[in-house]
Amino acid sequence: MHSPRETTPRSYRRLIAMGGVCAFLLVGCGGDDAPQSDSADDPVSGTVRTFTYDDSIEPEVLDPFEAETGVEVQTATFNSNAQAAAKIKGGFSTDVIEVCLDESSPLVDSNLLAPIDTSKITDWQDMAPAFREAEGVTVDGSTYLVPLSAGPHGLIYETSAFPDGVDSWAALYDPALQGQVALDGGGSLTPIAVTALGLGYTDPLSMNPEEIAEVRDYMIENRDQFRTFADSDSDTINLFKSGEVVLSDGGKGTVTKMQKEGLDVAWVAPQEGALSWVCGFGISADSKNVAASYALINHYLSAEMQALIAGQGFSIVNPEAMPLIPEEERDAADPAQLGSMIPEVEADYQKEWDQAWQEIQVG
Amino acid sequence: MTSARGRVTDGLALLLVLTVGVVLLGPILLLALFSFNDSSVIALPFEGFTLEWYREALADPEAIKALVNSVVLAAIVAPICVVLGTATAWAITRFRFRSRAVWSGLVAIPLIVPWLVIGIAGLLFFATLQIELTLETVGVMHIMTTFPLVTALVAARLVRFERSQEEAALDLGASQFQMMTKVVLPQLAPALAASAIFAFAWSFNNFEISFFTGGYDQTFPVWVYGVLRNSNNLPLVNAMSTLISVVQILVVYFLWWGIRRVSRRRGTADELSTMVTSGVR
């Protein structure tokens, strides 16, 4: 009979020793942190690393850049700037970061972005002023973001249900449409902002806490108005296709997709003003290849690449690209339309917005 | 009366099983169904049959690259976890030493701590050591979080295992190696097979840890999470997910089939349920 052993088995010690060796090897495998370029004036070469939304790194945009410059592009993706900020703050190293105005503060406030020298941005002066001067592009005198694409956010309606069209955000709360309306619920900004616009607030993103509470209470009171809060544009499309809703807020690009599916829908900028998201590229404060980062941003801002971006259903920021865009895409791509819209930037009382949205969702 | 009550009970039981089945399998079956729908919109009515999404998915280099990354990673992680987890389970259940409870607790931690926290902790760890984030760093973290699962499954089997068989083998002159290979491992085979499947699936499916500890080579779940922002990609993801689900089902089936054949040759009767639940019964 064998009695249980009372001592630590020798194999344990071996295992611990092996673990130590592995850890040592891992440390030895550490990346080469030597910068390839720390100035926009350096020759463009080496590798540039991007950290963006997935739809911003299409091969048809990146391949010409790699071919022209010889720079290798390494890509990683995220699903929100807050998620990106968490990873970068944790130590993830990258060169070019996609930044959207409505969620840029986690990156800007944590000094994760380097100021951009706009004199090195080739088409900076060609960019529509509405983008160049948009709130959040320049903070305290430093430019952190080169806008590259945008998207208007208005009303989507089924044309057969509205023979005379729709022209106000207030239609979302028309009692006659109870249960046939969807609201974009991907975040707190758009649902509260469009409701506030319908209630008569002209500058919803500057609402004080009392005003936010008033909008919140109105939304909770009318919670039954909505069939659901759509999490994405695919949700919105599905709701229209299944006939569950006849009215929703959403992007112009979403309507283009729906029309391609044969749906009888239209998009309108309400009289109170449409919203518009704006996204672009910033350079990481930790960038190891500043020259290639500027080169990549310039590539995205060039007229040829802006025309390709228009093909994704987005509005572009460089009007020089308009002649290169197919006729049927020009209306959605035209940067001039964004001038009169309300840019989606972070609200003055963002925490109150987020809190209110949580309360609205649970009813 | 009794038969009437029995029929009601049977009916309720059937209803419960059907409800659970629909809730568990319904979304997966719908996903598979819409992967053949000739429309990029995931909603009824069905627009017609197409294999276009499969063709597009298999022609998407980023999707294939991410899939290959995940398969290779899981294929490396799973056997390492089976070895590490089994060794740990053996140590915890077969040896008596003063710090056994401490080690058992340490091994259990990755099963309790949320993967999001582990992912961020891993990121901070690698950043502190200035280790570049790559698939290797993801693999190290997957091993760290997955081998405790194998430990739990195998340890549960070992606890129920008649130690007298080990002792009898040794008393009859078997060496430690022979006792392990001829007596213990054959008994552990269903648990090891189940562990390998779960370890593979845990690594393959993991998003949180892969996102935070990965660099510029993405795994499949990270790719899926990124591309779902654009609704045009939904049918591609459906097609790819359906293919993966079919492959996973086939792998489990053939593993079960192989184990059953071996078991029958040995005169035992390990079925699929034995394999899957061996560690947790």
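**Exercise 1. Strand β7 of chain A and its partners**

In this predicted model, G151(A) stands opposite W277(A), a residue of β12(A). Starting from that pair, find which strands join β7(A), in which sense they run, and how far β7(A) is buried.

*Solution.* Step 1: The pair G151(A) and W277(A) belongs to the ladder between β7(A) and strand β12 (residues 275–284) of chain A, where seven bridges join two strands that run antiparallel.

Step 2: Elsewhere on β7(A), S149(A) has I316(A) of β13(A) as its bridge partner, and β7(A) is joined to strand β13 (residues 315–316) of chain A by two bridges, again in the antiparallel sense.

Step 3: For Y157(A) the bridge partner is L247(A) in β10(A), and the pairing of β7(A) with β10(A) is antiparallel over five bridges.

Step 4: I156(A) has W267(A) in β11(A) as its bridge partner, while four bridges join β7(A) to strand β11 (residues 265–268) of chain A, which run antiparallel.

Step 5: Strand β7 covers residues 146–158 of chain A, and 12 of its 13 residues are buried, so β7(A) is largely enclosed by the rest of the structure.

**Exercise 2. The two faces of strand β8**

Determine which residues of strand β8 (residues 181–184) of chain A lie on each side and whether they are buried or exposed, and then name the strands with which β8(A) pairs.

*Solution.* Step 1: In a regular strand, side chains alternate between the two faces of the sheet.

Step 2: In β8(A), V181(A) and L183(A) lie on one side, with A182(A) and D184(A) on the other, and because all of these are buried, both faces are covered.

Step 3: β8(A) pairs with strand β9 (residues 226–230) of chain A in the parallel sense over four bridges, and within this pairing A182(A) stands opposite T228(A).

Step 4: β8(A) also runs parallel to strand β10 (residues 247–251) of chain A, to which two bridges join it, and there V181(A) stands opposite L247(A).

**Exercise 3. The domains of chain A and the core**

Describe how chain A is divided, how its domains touch, and where the largest nonpolar core lies with respect to them.

*Solution.* Step 1: Chain A consists of domain 1 (47–144 + 276–340) and domain 2 (153–274 + 347–362), and the centres of these domains, taken over C-alpha atoms, are separated by 28 Å.

Step 2: Six residues of domain 1 of chain A are in contact with six residues of domain 2 of chain A, and on the domain 1 side the touching residues are three nonpolar, two polar and one charged.

Step 3: The largest nonpolar core has 169 residues, among which V154(B) and A199(B) touch the most other members. Since domain 1 and domain 2 of chain A both give residues to this core, it lies between them.

**Exercise 4. Chain B and its helix α5**

Give the make-up of chain B, and then check the length of helix α5 (residues 115–128) of chain B and find what its buried residues pack against.

*Solution.* Step 1: Chain B holds 12 helices and zero strands, and its C-alpha trace spans about 75 × 70 × 35 Å along its principal axes.

Step 2: Of the 281 residues in chain B, 38% are buried, and among the contacts of chain B with a separation of 6 or more, 77% come from residues 24 or more positions apart.

Step 3: With 14 residues at 1.5 Å a residue, α5(B) should span 20 Å, and this agrees with its end C-alpha atoms, which are 20 Å apart.

Step 4: The buried residues of α5(B) are I118(B), G119(B), I120(B), G122(B), L123(B) and F126(B); they pack against α3 (81–89) of chain A and against α4 (100–112), α6 (135–160) and α9 (208–213) of chain B. Just after α5(B), Q130(B) takes a positive phi of about 55°.

**Exercise 5. A residue in a loop**

Locate N233(B) and decide whether this residue is buried or exposed.

*Solution.* Step 1: N233(B) is placed in the loop between α10 (220–227) and α11 (234–266) of chain B.

Step 2: A residue is buried if 20 or more other C-beta atoms lie within 10 Å of its own; N233(B) has 23 of them within 10 Å, so N233(B) is buried.

Step 3: Leaving aside its neighbours within four places in sequence, N233(B) is in contact with V227(B) and L228(B). The C-alpha atom of Q176(B), 57 residues apart from N233(B) along the chain, is separated by 55 Å from that of N233(B).

Methods. Residues are numbered from 1 along each chain as its sequence is written. Chains are lettered from A and ligands numbered from 1 in the order in which they are written. This is a predicted model: local features need pLDDT of at least 70, side-chain atom pairs count only at pLDDT 80 or more; totals for chains, interfaces and linings use all residues. A nonpolar core is a set of buried Ala, Val, Leu, Ile, Met, Phe, Trp, Tyr and Cys residues joined through C-beta atoms within 7 Å. Domain bounds come from an automatic or database domain assignment. Two residues are in contact if their C-beta atoms, placed from the backbone, lie within 7 Å. Ala, Val, Leu, Ile, Met, Phe, Trp, Tyr, Cys and Pro count as nonpolar, Asp, Glu, Lys and Arg as charged, and the others, Gly among them, as polar. Two strands pair if DSSP finds at least two bridges between them. The expected span of a helix is 1.5 Å times one less than its number of residues.
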